[in-house]
Amino acid sequence: MGSDDWGSCSDNEDYLQDRNEDDDEEDCYSSGFLSKLQFRKDISKARWVDDLAMAEVVEKKGKMWVTMGIVRNGNTYCSIEETLFLIEIGALHVLDGNDIHLSLKELYEKLSNGKSGCYWELFEVYKHLRSLGYVVGRHGIPWSVKGQQIKSGTCSLEGSQESNEMLEMEPKDENSVIELFNNMQITDVSPAFNVYLPNSKFRKSSPGDPSFVLYISRCSPPSRVEIEALERKHGAIPFKFCHVENGHVSFFSFAKTELPVLP
């Protein structure tokens, strides 16, 4: 087993340090953590939609939207983890249905109620990767698909009874996003994110294969049978595991090793 602890370092830190520090839209923090709320001059606006457990962007400012939010029928929607991350770095203001500003505390409460398909550890992983400059999207949820419509329901990774119809394509389309959401289960090991290396040419319409698929390990490490099944499932696409404990984010992966036969 190979283990990489990215809590304090990353293979891409040199890359991040070389980036333009004046680029507010794609500001990254090499430490991997955001200690306090940031403030910017140009701030985007979004409106929280309770039925979707997502924020609909109503005013875009900055280049960050190239790699954030899913696009449906020309509208951009942010998941709860994207919304919280953007608020923390001071890049987004969120309003409710009555155009009243939602505080960061209120959004944290929406995260904790379990209706968004996200939980605190998952948000910590997302924030950590985004802070290092990676492009991160929910696994199995297309960035942009023609013909998809937003309908009432809950954006959930659990596929519970509360998550009825959130993002739906044509009824006969086997790849409907609602099916993708409902097929996701939060278990001891579950797929969470598709992760891409920092790429200025990234496009939502054609993101390509991710650099790796990230699985969240909440309790016990995956078994050998589970790992072999994931190898067959993903083929040439690498996958990693992540565990969060006491706010510390750790990443690990497995490699096959053949031991020599001793005489």
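In the predicted model, helix α6 spans residues 224-234 and has three buried residues, namely Ile227, Leu230 and His234. Viewed down the axis of α6, these buried residues fall within an arc of 60°, so they line one face of the helix. The face turned away from the buried side carries Arg224, Val225 and Arg232, which are exposed. On the buried side, the packing partners of α6 are two strands, β11 (212-217) and β12 (239-245). Gly235 follows α6 and has a positive phi, near 60°.

Helix α3, residues 104-112, was examined in the same terms. Its buried residues are Leu107, Lys110 and Leu111. Down the axis of α3 they fall within an arc of 105°, and they therefore line one face of this helix. Exposed residues Lys105 and Ser112 are carried on the face of α3 that is turned away from the buried side. The buried residues of α3 pack against one strand, β2 (44-49), and against the helices α2 (80-88) and α4 (120-131). After α3 comes Gly114, with a positive phi near 80°.

The two helices that α3 packs against, α2 and α4, also pack against each other, at an angle of about 55° and with their axes 10 Å apart. Angles between 35 and 65 degrees fall outside the roughly parallel and roughly perpendicular ranges, and α2 and α4 are therefore oblique to each other. Their crossing is right-handed. On the α2 side, the residues that take part are Glu81, Glu82, Leu84, Phe85 and Glu88. They meet Phe123, Tyr126, Lys127, Arg130 and Ser131 of α4.

Strand β2, against which α3 packs, belongs to an open sheet of five strands. The strand order is β4-β5-β3-β2-β6, and the pairing is mixed. The edges are occupied by β4 (70-72) and β6 (92-95), each of which has a single partner strand, so one side of each is left without a neighbour in the sheet. On average, neighbouring strands in this sheet are turned by 40° against each other, direction ignored. Within the sheet, β3 (residues 54-59) and β5 (residues 75-78) pair in the antiparallel sense over two bridges. Glu56 stands opposite Tyr77 of β5.

Two residues in loops that adjoin the edge strands have a positive phi although neither is a glycine. Asn73 lies in the loop between β4 and β5, and its phi is about 50°. Asp99 lies in the loop between β6 and α3, and its phi is about 60°. With a relative accessible area of 47%, Asp99 is partly exposed, because partly exposed residues lie between the 20% limit for buried and the 50% limit for exposed.

For the chain as a whole, the secondary structure comes to six helices and 13 strands. Of its 263 residues, 46% count as buried. Among the contacts between residues at least 6 apart in sequence, 65% join residues that are at least 24 apart.

Definitions and conventions. Residues are numbered from 1 along each chain as its sequence is written. This is a predicted model: local features need pLDDT of at least 70, side-chain atom pairs count only at pLDDT 80 or more; totals for chains, interfaces and linings use all residues. Side-chain values use heavy atoms; hydrogens and water are left out. Buried means under 20% relative accessible area, exposed over 50%, partly exposed in between (1.4 Å probe, protein chains only). Helices (H or I, at least four residues) and strands (E, at least two) are DSSP runs, numbered from the N terminus. The arc is that of the directions from the helix axis to the C-beta atoms. Contact means heavy atoms within 4.5 Å. Two strands pair if DSSP finds at least two bridges between them. Axes are lines fitted to C-alpha atoms, for helices over the stretch in contact, and angles run from 0 to 180 degrees between N-to-C directions. Angles under 35 degrees count as roughly parallel, over 145 as roughly antiparallel, 65 to 115 as roughly perpendicular and the rest as oblique. A crossing is left-handed if the near helix is turned anticlockwise from the far one by less than a right angle, and right-handed if clockwise.
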